[in-house]
Amino acid sequence: MSDALDLARGALARAAGDALATVTRERSTMLRFARSRPTQATSVDDLTVEIAVLRGGHVGRSATNRTDDAALADCARTATLAAEAAAAAAGEGHYPGFPEPGTSREHGGFDAETARLDPATGGDALRATFDAARRGAASGDDSVAAPGASPPTAAVELGGVWTAGDVETAIASSSGVELTDRVTDAFMKTIATAPDGRTGYAAQAAVASSELDPAALAARAIAKATRPGDLASLEPGDYTVVMEPHAVLDLLWVLGETAFDGLAHAEGRGALSGRLGTSVASPAINLSDSPRFHATLPRAFDAEGVPKDPLPLIQDGVAQHVVHDTRSASIAGGATATTGHALVAGGQAAGPRPTNLVLIGGGAADEAELCAPVERGIYITRLWYAGVLRPTDSLFTAVTRDGAFLVEDGQVTRPIADMRITDSALSILSRVQALGARSVLTADGELYGRRFAAGAVCPPLRAGGVHFSGSASHG
Amino acid sequence: MLTLDLAGNAQRIAAEATELLDAPRCPSGPTTLVLAGEQLALQIHESVGHAVELDRVLGYEASYAGTSWAPADGAGVLRYGSEAMSITADATLPGGLGSYRWDDEGVPAQPISIVRDGVLQGFLSNRESAAEIGLEHSAGCARAEGFARQPIVRMTNVSLDPGRAGSLEQLLSGVERGIYIDANRSWSIDSRRLHFQFGAEAAWEIVDGRLGRLLRDPVYAGVTPTFWASLDAVCSADEWRLVSFTDCGKGEPGQIARVSHGCAPARFRDVQVGAA
């Protein structure tokens, strides 16, 4: 039995009544680089004990990273006080009780070599990155590399991050749950900045750090930043777009927040409220939350110990399900049950979220083939700072970043100034014309709080009539 | 916390929420925009505060948070906005969430002039970035989320200095037609902190110097130096308040910082406004 589970049991024993204790141990290494040199090396080995206590339908939580008896007792007491305060202020709450034990399945989300967290592996990755910059980007991005491309020089600066993590989670609850899970993740991204200020991006995520290819990432980022051609500035309007998987990830993130959040759905403010069972996207769209799909970052159970299982969200363009945690399912009422998507015990205020989105690919061989039928359009590497404007319509705004290009007569021809996209994520999916055959795990590497690596497996796509409301040059 | 008077404001907010259900959408087009409270604070935060973090300016945050449109050699010469714009970062302000005695490198908290009369004066810096551009000392802005994170350049209390436009009523009296926004729903800005779009749940139309009907789903967009150049008046010190945010993200691994921004209602001319 793991030490983490023993500790979770010990923490649970400090709390009276309905309670759930979670122990999360993170070991991680992160190396950052900027301006083509290492800038930061961070190693984390930390453990969090969180106790959730239920009183009168309200869950109070408290956390500590001390493990002595007094600290655990104090943590349990604080969580109890929080729950009692909520119950006293608001009366009977919606939370029905912590889930009963289920059967979670094995997954392939742990790699022992990655869990060694050898800093030399990260050092080798940075060395390969800088070597690639010195060699040039001859083997760069096929979609945006062009005949006659200027060979990049050392004047191109590279920034980015290499990181690997090993996270063990143990849960013990008064309802009988006793579980442990251990996952690893590795992530690297490289941003190339050319002397004229243009930038290019490439990133990769995986369960095993050995799957990362630093040299290929550097070459791809450099190719984007140095693609020849005068910078074009496009007028706002509607354009056909070809989105790389990293841009598609942002669309899916918006949908996770606006469409698939079971709490918003239950409260009638979700983008799929009243639309389940109806066509909401192109028939080519098949989207699910699949925690053991090939190339995803698997998890055995959610934050309440509910086993993770596949859940279809959109099939052949028809909305099927939203995701729930125990609280949102209770609010939805009827036969609605948790789907195993709690991010915190008791449910986070913003509602549950999908964590393993998988968008099934189509028949286009690659981004170049997706561009082929486009008379005039925009090629997008990634989006940045997506903000939801109107959740019920999944309307969002974001800017292109690190590689936006003009597509003319089926070819990527030249870079463009970054554009602001303002459109509905669901509407874009309804205008999808084609999907790439190659789906990849995409992640943004945002690792706030205790490490929880997540990403989506998705292909590139082409969509018509995407609205751009402005650009940095037009305001 | 008690000064927020949450209970005292509940009825007003409930009435506004109800009114919003049938409110007309915000009209589109260039107009005079009066910002106050949370929305003005966020405007300062996103388009000034982050843009003057010296690690960003020097390219050290290119991989995540981004860089800046403001160059490292811009102090004293770069026009950031109109002469009505003066920005001060002050980690000594009482009541600010960006206040402390010393930063996480042991540098004393201090007030720093960021923009004076529309011209960039200085940056938020730590010891490393300050040394790189030859400053005599750090601005004392190194902050870490906790023991397991490295101190990085963060905002303190980055505030718009009060102006001489008097009260909000006096500021509005100079507006024939316009829009007033004081709370935020959405924000988006590019990685150089140049092109932004903000949205809110509610706005009020301004007609003949007074607040009029409630409008829903307002958005406005702009380019940082152009937008701040359109600032023509800021209310006086009596209207100046600290507004705080508890969720400013930056760094890798990610760090959350708490910051405050002082501001009094401010008036911007010829801003592109619309509805989401």
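Which strand of chain A gives the most to the lining of the largest cavity? That is strand E5 (residues 178–193) of chain A, with 3 residues. Before going further, a word on the ground rules.

This is a predicted model, where local features need pLDDT of at least 70 and side-chain atom pairs count only at pLDDT 80 or more, while totals for chains, interfaces and linings use all residues. Residues are numbered from 1 along each chain as its sequence is written, chains are lettered from A and ligands numbered from 1 in the order in which they are written, and side-chain values use heavy atoms, with hydrogens and water left out. Helices (H or I, at least four residues) and strands (E, at least two) are DSSP runs numbered from the N terminus.

**Cavities**

Back to the empty space. Searching the whole structure turns up 3 cavities of 30 Å³ or more, and the largest holds about 50 Å³. A cavity here is a set of points on a 1 Å grid over the protein atoms alone where a 1.4 Å probe fits but cannot get out, and lining residues have an atom within 4 Å of a point. Points are joined across faces, edges and corners, and the volume is the space filled by probe spheres set on them. The lining of the largest cavity includes A:Val183, A:Thr184, A:Asp185, A:Pro298, A:Arg299 and A:Phe452.

**Chain A: a helix and two buried strand residues**

Helix H2 (residues 69–90) of chain A has 22 residues and should span 32 Å at 1.5 Å a residue (the expected span is 1.5 Å times one less than the number of residues); its end C-alpha atoms are 32 Å apart, which agrees. Its buried residues (under 20% relative accessible area; exposed is over 50%, partly exposed in between, with a 1.4 Å probe and protein chains only) are A:Ala71, A:Leu72, A:Cys75, A:Ala76, A:Ala79, A:Thr80 and A:Ala83. An α-helix has 3.6 residues a turn, so residues three or four places apart point the same way. Helix H1 (3–13), strand E2 (37–55) and strand E3 (58–64) of chain A are among the elements covering those buried residues. Just after H2(A), A:Gly91 takes a positive phi of about 75°.

Strand E1 (residues 19–34) of chain A holds A:Thr22, and A:Leu31 is found in E1 of chain A too. A:Thr22 is buried at a relative accessible area of 10%, and A:Leu31 counts as buried at 12%. Leaving aside neighbours within four places in sequence, the contacts (heavy atoms within 4.5 Å) of A:Thr22 include A:Thr48, A:Glu50, A:Ile171 and A:Ala303. A:Leu31 touches, among others, A:Gln40, A:Pro119, A:Leu126 and A:Trp162, again not counting residues up to four places away. The C-alpha atoms of A:Leu31 and A:Thr163 are separated by 6.2 Å, with their positions 132 residues apart along the chain.

**Chain B: sheets**

Four strands of chain B form an open sheet in the order E4-E3-E2-E7, with antiparallel pairing. Strand E4 (119–120) and strand E7 (158–160) of chain B stand at the edges with a single partner strand each, so one side of each lacks a neighbour in the sheet. Helix H2 (residues 37–49) of chain B packs on this sheet, touching E2, E3 and E7 of chain B, and its direction makes about 120° with that of E7(B). (Axes are lines fitted to C-alpha atoms, for helices over the stretch in contact, and angles run from 0 to 180 degrees between N-to-C directions.)

Elsewhere, 4 of the 5 residues of strand E8 (residues 177–181) of chain B are buried, so E8(B) is largely enclosed by the rest of the structure. Here are some strand pairs of chain B (two strands pair if DSSP finds at least two bridges between them):

| Strand pair | Sense | Bridges |
|---|---|---|
| E2(B) and E3(B) | antiparallel | 4 bridges |
| E1(B) and E8(B) | parallel | 4 bridges |
| E8(B) and E11(B) | antiparallel | 4 bridges |

In these pairs, B:Ile87 stands opposite B:Val115 in E3(B), B:Leu35 opposite B:Ile181 in E8(B), and B:Ile179 opposite B:Glu205 in E11(B).

**Backbone oddities**

Most residues other than glycine have a negative phi, and most peptide bonds are trans. A:Ala295 has phi near 80° and is partly exposed at 34%. A:Asp409 has a positive phi of about 50° and is exposed at 65%. In chain B, the peptide bond from B:Glu252 to B:Pro253 is cis, with omega near -5°.

How values were computed: 1 Å grid on protein atoms, 1.4 Å probe; cavity = no way out; pocket = protein on both sides within 12 Å on 5 of 7 lines; lining within 4 Å.
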